[in-house]
Amino acid sequence: MSDKDLQKTESTAVTEKVRNVKTFVPRVDIYETKDALFLIADMPGVDEKTVDVELEKNILTISGRVENGKIKDYSLVFSEYEVGDYERTFTLSDEIDREKIKATVKQGVLRLQLPKAEKVKPKKITINVA
Amino acid sequence: MIMKIRSLLPDVVRKPTTDIDHPFYSLQREMNNLFDNFFRGFTVAPRGFAAGMADFTPSVDVKENDKEYIIKAELPGVEEKDIDVTVTNDSVIIKGEKKEEKKDKDKNYYYMERSYGSFCRVIPLDAEIESGKAQANFKNGILNVKISKNQKAKEKGTKVPIKTS
C-alpha cells in the first residue's frame, strides 16, 4: 500500500516513546512565496494547547498530542484511522529569519510562516542612466 | 464516487470480526487498494491533473453500542459551513469540500502531500436509526456524529420460543 493512500502514515523513527501511543507523520504542504516559506500540516485532533513547534539549531520539530479517543462500552463497527500523536522534523536553512516564525492552528491544521531573512530576499537593482 | 464507497461495502461492515481476516476478503481489499492507489498515488501532480484525481477522502471510524452510533471523521482544514451531514433511515452521508486557500498567488511548491477537493461518503448502518435525533459537532478537524438507534425497529422481530416435545 502506498503512503499516499493513507490519511496518516505511522512514524518509523526508532526512538523510545514515553507515551504508549502511535506516532504519525503529518502530511504537509510547503510552499515558498517572495517573502516567506509556508508549512501547512494536517493534524486532525490537535488544538493550540496540544501542538508544539520547536526550533533547535536548524532542526524544526512539529509535534502534536492527541488524547486517545477510546470510548468505553462501544464496539467498533468500522475503522479507517487510528488516533495517535504527530511528529515530523524539518531542517531549516540559514535563509529563514528565526525570530519571526509564526504558528497558528485552526481546525486541526497547523500553519507555520517562516519569513525569509532580509539578506536573501530577491532584490531588484535599479539601473541608473550614467 | 464508486471508488470512495467501495471501501465501505455493507457486507464488510456487517461482519466486522469474522470475515475481515478471511483471505478472500483481504485479497479483495488489497486489490481495491491497489487500484485506488494507482489513481491516487501522485505526490506532486500538475494541478489540473490532480484536481480530478487526488481528491480528499476523509477517514471514518464507526462505533456502536445498544443505543447509538458514533461516527468520527477526520476533516482537517475543512470549515464547518462546508460540511453537510445527512441522515437517512439506514445510512449517514457526509459531504463537503476542503477548500484550498488562494491567498498567495505566487506559490512555489516544494511539498504537496495534503489533498483538497470535495468529498462524499455514504456510511451504511446496520440498524434502523432515528434520523431526527442526530447530533453533530466539529472540533479541531474532527467531526463527531451521534445517532440514536430506533429502539422500536429492533423490537419488530418476535422471538419464537422453542419447545422440546
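The exercises below work through a predicted model of two chains, A and B.

**Exercise 1. Describe how chain A and chain B are built from helices and strands, and how much of each chain is buried.**

Step 1. Begin with chain A, which has 0 helices and 10 strands, so that its pattern along the sequence reads β-β-β-β-β-β-β-β-β-β.

Step 2. Turn to chain B, where there are 5 helices and 8 strands; reading along the sequence gives the pattern α-α-α-α-β-β-β-β-β-β-β-β-α.

Step 3. Look at burial: of the 130 residues of chain A, 24% count as buried, while for the 165 residues of chain B the value is 21%.

Step 4. Finally, consider contacts with a separation of 6 or more, of which residues 24 or more positions apart account for 52% in chain A and for 59% in chain B.

**Exercise 2. Find the strand order of the open sheet that contains S9(A) and S5(B), and name its edge strands.**

Step 1. Follow the 5 strands across the sheet in the order S9(A)-S10(A)-S4(A)-S3(A)-S5(B), with antiparallel pairing; strands from chain A and chain B thus appear in one open sheet.

Step 2. Identify the edges, which are strand S9 (102-106) of chain A and strand S5 (108-112) of chain B, each pairing on one side only.

Step 3. Note the turn between neighbouring strands of this sheet, which is 15° on average when direction is ignored.

Step 4. Examine one pair in detail: S9(A) and S10(A) are antiparallel over 5 bridges, and A:Lys102 has A:Gln113 in S10(A) as its bridge partner.

**Exercise 3. Work out which residues and strands make up the largest nonpolar core.**

Step 1. Recall a general tendency: in soluble globular proteins, nonpolar side chains tend to be buried together.

Step 2. In this model the largest nonpolar core has 19 residues, and those with the most contacts inside it are A:Leu39, A:Ala41, A:Met43, A:Val46 and A:Leu110.

Step 3. Ask which elements give two or more residues to this core; they are strand S4 (36-42), strand S6 (59-64) and strand S10 (109-115) of chain A, with S4(A) giving the most, 5 residues.

Step 4. Take A:Ala41 as an example and leave aside its neighbours within four places in sequence: A:Ala41 is then in contact with A:Pro26, A:Arg27, A:Val28, A:Ile62, A:Val109 and A:Leu110.

Step 5. Record also that a second, separate core has 17 residues, including B:Val60, B:Val87, B:Ile129 and B:Ile142.

**Exercise 4. Trace the hairpin formed by S5(A) and S6(A).**

Step 1. Count the bridges: 6 of them join strand S5 (residues 51-56) of chain A to S6(A), and the two strands run antiparallel.

Step 2. Locate a pair of facing residues, for which A:Val51 stands opposite A:Gly64 in S6(A).

Step 3. Inspect the turn, where 2 residues lie between the strands of the hairpin and A:Lys57 has a positive phi of about 50°.

**Exercise 5. Decide whether B:Val78 is buried or exposed, and describe its surroundings.**

Step 1. Place B:Val78 in the loop between strand S2 (68-74) and S3 of chain B.

Step 2. Compare its count with the cut-off: a residue is buried if 20 or more other C-beta atoms lie within 10 Å of its own, and because B:Val78 has 25 within that distance, B:Val78 is buried.

Step 3. List its contacts beyond four places in sequence, which are A:Gln107, B:Ile83, B:Gly96 and B:Lys98.

Step 4. Add a distance: B:Val78 and B:Lys99 are 21 residues apart in sequence, and their C-alpha atoms are 7.0 Å apart in space.

**Exercise 6. Judge where the confidence in chain B is lowest and where it is highest.**

Step 1. Start from the average pLDDT of chain B, which is 73, with 67% of the residues scoring at least 70.

Step 2. Find the extremes, which are helix H4 (residues 47-53) of chain B, lowest at a mean of 42, and S3(B), highest at 90.

Step 3. Mark the stretches to read with care: over residues 9-19 of chain B the pLDDT is below 50, and over residues 41-53 of chain B it stays under 50.

Step 4. Close with the scores of the model, which are ipTM 0.73 and pTM 0.68.

Terms used: Residues are numbered from 1 along each chain as its sequence is written. Chains are lettered from A and ligands numbered from 1 in the order in which they are written. This is a predicted model: local features need pLDDT of at least 70, side-chain atom pairs count only at pLDDT 80 or more; totals for chains, interfaces and linings use all residues. A nonpolar core is a set of buried Ala, Val, Leu, Ile, Met, Phe, Trp, Tyr and Cys residues joined through C-beta atoms within 7 Å. A residue is buried if 20 or more other C-beta atoms lie within 10 Å of its own, exposed if 12 or fewer, and partly exposed in between; C-beta atoms are placed from the backbone. Helices (H or I, at least four residues) and strands (E, at least two) are DSSP runs, numbered from the N terminus. Two residues are in contact if their C-beta atoms, placed from the backbone, lie within 7 Å. Two strands pair if DSSP finds at least two bridges between them. pLDDT is the predictor's confidence in each residue, from 0 to 100. Axes are lines fitted to C-alpha atoms, for helices over the stretch in contact, and angles run from 0 to 180 degrees between N-to-C directions.
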